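Hello, and thanks for sharing this one. Here are my notes, set out as numbered points so that you can follow them with the structure open.

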Amino acid sequence: MKVENKTLLLIAGIVWSIAGFNILKIGIGAYGPYVTILHLVCSAAIFAFFWGMIFNRLVKKHTKRIEEYEQKQYFWHFFDLKSFLIMAFMMTFGILIRMLQLMPEMCIAIFYTGLGFALFLAGLKFGVQYLKFRKV
């Protein structure tokens with residue numbers, strides 16, 4: 001099924017928002033007994049790193065690529081192969097960490113909260129790009 005390029009931005013926004021929300025939910029759910037100012041600052045630092053160094057750039061890169069499409073694309077072209085491989089690695093690694101209990105619950109709470117918020121914000125930014133592009 002092929003869609004217009006602006007629809008790819010909407011799909012990216014939905015996918016990243018759902019992923020971010022789910023990871024954020026895991027992180028917040030694990031936070032219970034570990035809420036301290038230091039841990040919240042650590043979550044904020046993780047968010048700042050992932051947003052500033054990875055996801056903000058990723059949104060810009062993929063928005064530019066998507067906007068340059070002149071013809072309809074398959075709905076999965078909201079990402080390129082490299083991004084799908086990174087996403088698959090992150091999901092697999094995250095699931096294994098939790099299943100095999102490779103990290104203490106406190107670390108899951110801190111890390112997942114920062115990462116999840118950055119992912120969720122990336123989804124929202126894709127949504128904003130969709131709204132901007134739709135008006136053009």
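1. Let me start with a single residue, L102, which sits in the loop between α3 (81-99) and α4 (105-135). Please keep in mind throughout that this is a predicted model. The relative accessibility of L102 is 56%, so this leucine counts as exposed, the cut-off for that being over 50%. L102 also has company: together with M91, I95, L96, M99 and L100 it makes a nonpolar surface patch of about 620 Å².

2. Now the overall layout. The chain has four helices and two strands, and read from the N terminus the order is β-α-α-β-α-α. Along the principal axes, the C-alpha atoms fill a box of roughly 50 × 30 × 20 Å. Of the 136 residues in the chain, 38% are buried.

3. The pocket deserves a look. The largest one has a volume of about 500 Å³. It is lined by 21 residues, and those closest to its centre are I23, M90, M91, G94 and L119. Two or more lining residues come from each of α1 (5-31), α3 and α4. Which element gives the largest share of the lining? That is α3, with nine residues. You will recognise M91 here, since this methionine is also part of the nonpolar surface patch.

4. Aromatic contacts come next: the count is 13 aromatic pairs. In the pair of F49 and F50, the ring centres are 5.3 Å apart and the planes meet at 85°, so the arrangement is edge-to-face. The two partners differ in cover: F49 is partly exposed at 46% relative accessible area, while F50 is buried at 14%. F78 and F84 also form an edge-to-face pair, because their planes lie at 70° with the centres 5.5 Å apart, and an angle over 60 degrees is what that label requires. Here F78 is buried, with a relative accessible area of 5%, and F84 is partly exposed, with 28%.

5. These pairs belong to a wider network. Ring pairs link W16, F49, F50, F55, F78, F79, F84, F111 and Y112 into a cluster. If you display one group of side chains together, I would suggest this cluster.

6. On charges, the count is three salt bridges. One of them joins D80 and K61, at 3.6 Å from N to O. This pair links distant parts of the chain, as D80 is in the loop between β2 (73-74) and α3 whereas K61 is in helix α2, 19 residues apart. Both ends have some cover: D80 is partly exposed at 23% relative accessibility, and K61 is partly exposed at 41%.

7. The other bridges can be checked in the same way. The side chains of K64 and E68 meet at 2.7 Å, N to O, and both residues are exposed. E4 and K6 form a salt bridge with an N to O distance of 3.6 Å. E4 is partly exposed, with a relative accessible area of 38%, and K6 is partly exposed too, with 26%.

8. One last residue to locate is T36, in the loop between α1 and α2 (37-67). Buried or exposed, or in between? With a relative accessible area of 35%, T36 is partly exposed. As a distance check, the C-alpha atoms of T36 and L121 are 23 Å apart in space, with their positions 85 residues apart in sequence.

Terms used:
Residues are numbered from 1 along each chain as its sequence is written. This is a predicted model: local features need pLDDT of at least 70, side-chain atom pairs count only at pLDDT 80 or more; totals for chains, interfaces and linings use all residues. Side-chain values use heavy atoms; hydrogens and water are left out. Patches are made of residues with over 30% relative accessible area and no salt bridge: like charges are joined within 9 Å, nonpolar side chains (Val, Leu, Ile, Met, Phe, Trp, Tyr) within 5 Å. Accessible areas come from the Shrake-Rupley method with a 1.4 Å probe; for residues, only the protein chains shown count as cover. A salt bridge is a side-chain nitrogen of Lys or Arg within 4 Å of a carboxyl oxygen of Asp or Glu. Buried means under 20% relative accessible area, exposed over 50%, partly exposed in between (1.4 Å probe, protein chains only). Rings of Phe, Tyr and Trp (its six-membered ring) pair if their centres lie within 6.5 Å; planes under 30 degrees apart count as stacked, over 60 as edge-to-face and the rest as tilted. On a 1 Å grid over the protein atoms alone, a cavity is a set of points where a 1.4 Å probe fits but cannot get out, and a pocket is an open set with protein on both sides within 12 Å along at least five of seven lines; lining residues have an atom within 4 Å of a point. Grid points are joined across faces, edges and corners, and a volume is the space filled by probe spheres set on the points.
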